[in-house]
Amino acid sequence: MMIGRHYDRENYNCAHFVADWFKSRLGIEIPTGNVWELSFAIWLRKHFTEISKPEENCIVLMDLHSGSRHIGVYSNFGVYHNYQAGFAYGSVVHWSTGQIKRTYKKVTYWKWSQ
């Protein structure tokens, strides 16, 4: 399991974690360039469908009030994500959906559609 793997902005951030999850568990390659560039948004909408409720192995997109974005995966009744608070050391964690919704301004779920 990837729980506890340390956050590294350049080499293992939230996008790298999601790419590892999908490749190791589902055999799906997800690009790990700048996850918030327009090209990733286009890729996401081409390969995933937004759903209203989380499903096992769906992508969870999270927006903070500051405008920052974050990405994780829904599994085991919660969200796995590579999280770093401020300047502290970060790591892969598992949060409840309630905790995610309290922390982030907007949360959307995306299911693989191919």
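In the predicted model, S75 belongs to strand β3, which spans residues 69-75. With a relative accessible area of 2%, S75 is buried. The side chain of S75 forms a polar contact of 2.4 Å with the side chain of E56. When residues up to four places away in sequence are set aside, S75 touches W21, E56, Y80 and H94.

Two of these neighbours, W21 and Y80, are themselves an aromatic pair: the ring centres lie 5.2 Å apart and the planes meet at 35°, so the arrangement is classed as tilted. The pair connects distant parts of the chain, since W21 is located in helix α1 (residues 14-26) and Y80 in strand β4 (residues 78-83), 59 residues apart. Both rings are withdrawn from the surface by the accessibility criterion: W21 is buried at 0% relative accessibility, and Y80 is buried at 7%. The face of W21 is also covered by a charged residue, with R25 lying over the ring at 3.8 Å from its centre.

The W21 and Y80 rings belong to a total of 7 aromatic pairs. A further tilted pair is formed by W43 and F48, with a centre-to-centre distance of 5.9 Å and an angle of 50° between the planes. W43 is buried at 17% relative accessibility, a value that falls under the 20% limit for burial, and F48 is buried at 2%. Ring pairs join W43 and F48 with F22 and W112 in a cluster.

Charged side chains were examined next. The count of salt bridges comes to 3. One of them joins E55 and K111, with an N to O distance of 3.2 Å. E55 is situated in the loop between β1 (48-51) and β2 (58-63), whereas K111 is in strand β6 (residues 106-112), so this salt bridge ties together parts that are 56 residues apart in sequence. Both partners are partly exposed, E55 with a relative accessible area of 33% and K111 at 38%.

A salt bridge between R69 and D63 has an N to O distance of 3.3 Å. Here the partners differ in burial class: R69 is partly exposed at 48% relative accessibility, while D63 is buried, with a relative accessible area of 19%. The side chains of E29 and K23 likewise meet in a salt bridge, at 3.6 Å from N to O. E29 is exposed, having a relative accessible area of 55%.

Conventions: Residues numbered from 1 in each chain as written. Predicted model: local features only at pLDDT ≥ 70, side-chain atom pairs only at ≥ 80, totals over all residues. Heavy atoms only, no water. Helix = DSSP H or I, 4+ residues; strand = E, 2+ residues; numbered from the N terminus. Buried < 20%, exposed > 50% of the residue type's maximum accessible area, 1.4 Å probe, protein only. Polar contact = N/O pair within 3.5 Å; in protein donor to acceptor, adjacent residues only side chain to side chain. Contact = heavy atoms within 4.5 Å. Salt bridge = Lys/Arg side-chain N within 4 Å of Asp/Glu carboxyl O. Phe/Tyr/Trp six-rings, centres within 6.5 Å; stacked < 30°, edge-to-face > 60°. Lys NZ or Arg CZ within 6 Å of the ring centre and 35° of its normal.
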